[in-house]
Amino acid sequence: HIMNVDIGLDIIGNFGATVPEMHGQISKMEDTAQGTMVDVMWANGSVHHITLDDIRDDYMGENGYGLPIGFYINPFA
C-alpha cells in the first residue's frame, strides 16, 4: 500500500527490549538502484540510514503484545 512519506515526517523507532523508543523526522530521501534511501534524524541529533521499505504505518499494532521492532510513522504527530 502507498504511504505518504516525505521529508519532515515524524518517525518512531522501536528497538525492543529495554531501549526507549526514539522519535525523529525524515531529513533526507534519495532514490537509488537499491530503492529509496531515507535518513531519519533522531531528537538526539543522530542519523539513521534506512530504506523506504523499512517504514511501517501500523504503529497501533495488530495485537496486544507490543509492536515488532522497526520504524513507524508517528500516528500522534
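Here are some worked exercises on the predicted model shown above.

## Exercise 1: Get an overview

**Task.** Work out how many helices and strands the protein chain has, and how much of the chain is buried.

**Solution.**
- Step 1. Start with the elements: the protein chain has zero helices and six strands.
- Step 2. Read them from the N terminus on, and the order is β-β-β-β-β-β.
- Step 3. Turn to burial. Of the 77 residues in the protein chain, 27% are buried, where buried means under 20% relative accessible area.
- Step 4. Add the surface: the accessible area of the protein chain is about 5,100 Å², and carbon and sulfur atoms account for 54% of it.
- Step 5. Finish with contacts. Take those between residues at least 6 apart in sequence; 33% of them join residues at least 24 apart.

## Exercise 2: Trace the sheet

**Task.** Find the order of the strands in the open sheet, and say which strands lie at its edges.

**Solution.**
- Step 1. Walk across the open sheet, and the six strands come in the order β4-β3-β2-β1-β6-β5, with mixed pairing.
- Step 2. Look for strands that pair on one side only: these are the edge strands, β4 (47-51) and β5 (55-56).
- Step 3. Check β1 against β2. The two run antiparallel and are joined by four bridges; Ile12 has His23 in β2 as its bridge partner.
- Step 4. Move on to β2 and β3 (residues 35-42), which pair in the antiparallel sense over eight bridges. Here Gly24 is partnered by Trp42 in β3.
- Step 5. See how the chain gets from β2 to β3: a hairpin of two residues makes the connection.
- Step 6. Now go to β5 and β6 (residues 70-73), which run parallel and are joined by two bridges. The bridge partner of Arg56 in β6 is Tyr72.

## Exercise 3: Locate the salt bridges

**Task.** Find how many salt bridges the structure holds, then describe the residues in each of them.

**Solution.**
- Step 1. Count them: the structure holds two salt bridges.
- Step 2. Take the pair Glu30 and Lys28. Their closest N and O atoms are 3.9 Å apart, and this counts as a salt bridge because the cut-off is within 4 Å.
- Step 3. Ask how accessible these two are. Glu30 is partly exposed at 42% relative accessibility, and Lys28 is partly exposed too, with a relative accessible area of 41%.
- Step 4. Take the pair Asp58 and Arg56, whose side chains meet in a salt bridge at 2.7 Å, N to O.
- Step 5. Repeat the accessibility check. Asp58 is partly exposed at 25%, and Arg56 is partly exposed at 29%.
- Step 6. Link this back to the sheet: Arg56 is also the residue whose bridge partner in β6 is Tyr72.

## Exercise 4: Follow the side chain of Asn14

**Task.** Is Asn14 buried or exposed, and which backbone atoms does its side chain reach?

**Solution.**
- Step 1. Place the residue: Asn14 belongs to strand β1 (residues 10-14).
- Step 2. Apply the cut-off. Asn14 has 13% relative accessibility, so it counts as buried, the limit being under 20%.
- Step 3. Look at the polar atoms. A polar atom of the Asn14 side chain lies 3.1 Å from the backbone nitrogen of Gly16.
- Step 4. The Asn14 side chain also reaches the backbone oxygen of Pro68, at 3.3 Å.
- Step 5. List the residues that Asn14 touches, leaving out those up to four places away in sequence: Leu67, Pro68, Ile69, Gly70 and Tyr72.

## Exercise 5: Compare two loop residues

**Task.** Look at Gly16 and Ala17 in the loop between β1 and β2. Is each of them buried or exposed?

**Solution.**
- Step 1. Confirm the location: Gly16 is in the loop between β1 and β2 (22-32), and Ala17 is in the loop between β1 and β2 as well.
- Step 2. Compare accessibility. Gly16 is buried at 12%, whereas Ala17 is exposed at 85%.
- Step 3. Search for a neighbor of Gly16 that is distant in sequence. Ile69 is 53 residues away along the chain, yet the two C-alpha atoms are 5.6 Å apart.
- Step 4. Inspect the backbone of Ala17: its phi is positive, about 50°, although Ala17 is not a glycine.
- Step 5. Put that in context. Most residues other than glycine have a negative phi.

Definitions and conventions
Residues numbered from 1 in each chain as written. Predicted model: local features only at pLDDT ≥ 70, side-chain atom pairs only at ≥ 80, totals over all residues. Heavy atoms only, no water. Pairing = 2+ DSSP bridges. Buried < 20%, exposed > 50% of the residue type's maximum accessible area, 1.4 Å probe, protein only. Polar contact = N/O pair within 3.5 Å; in protein donor to acceptor, adjacent residues only side chain to side chain. Contact = heavy atoms within 4.5 Å. Areas by Shrake-Rupley, 256 points an atom, 1.4 Å probe, with all protein chains shown as cover.
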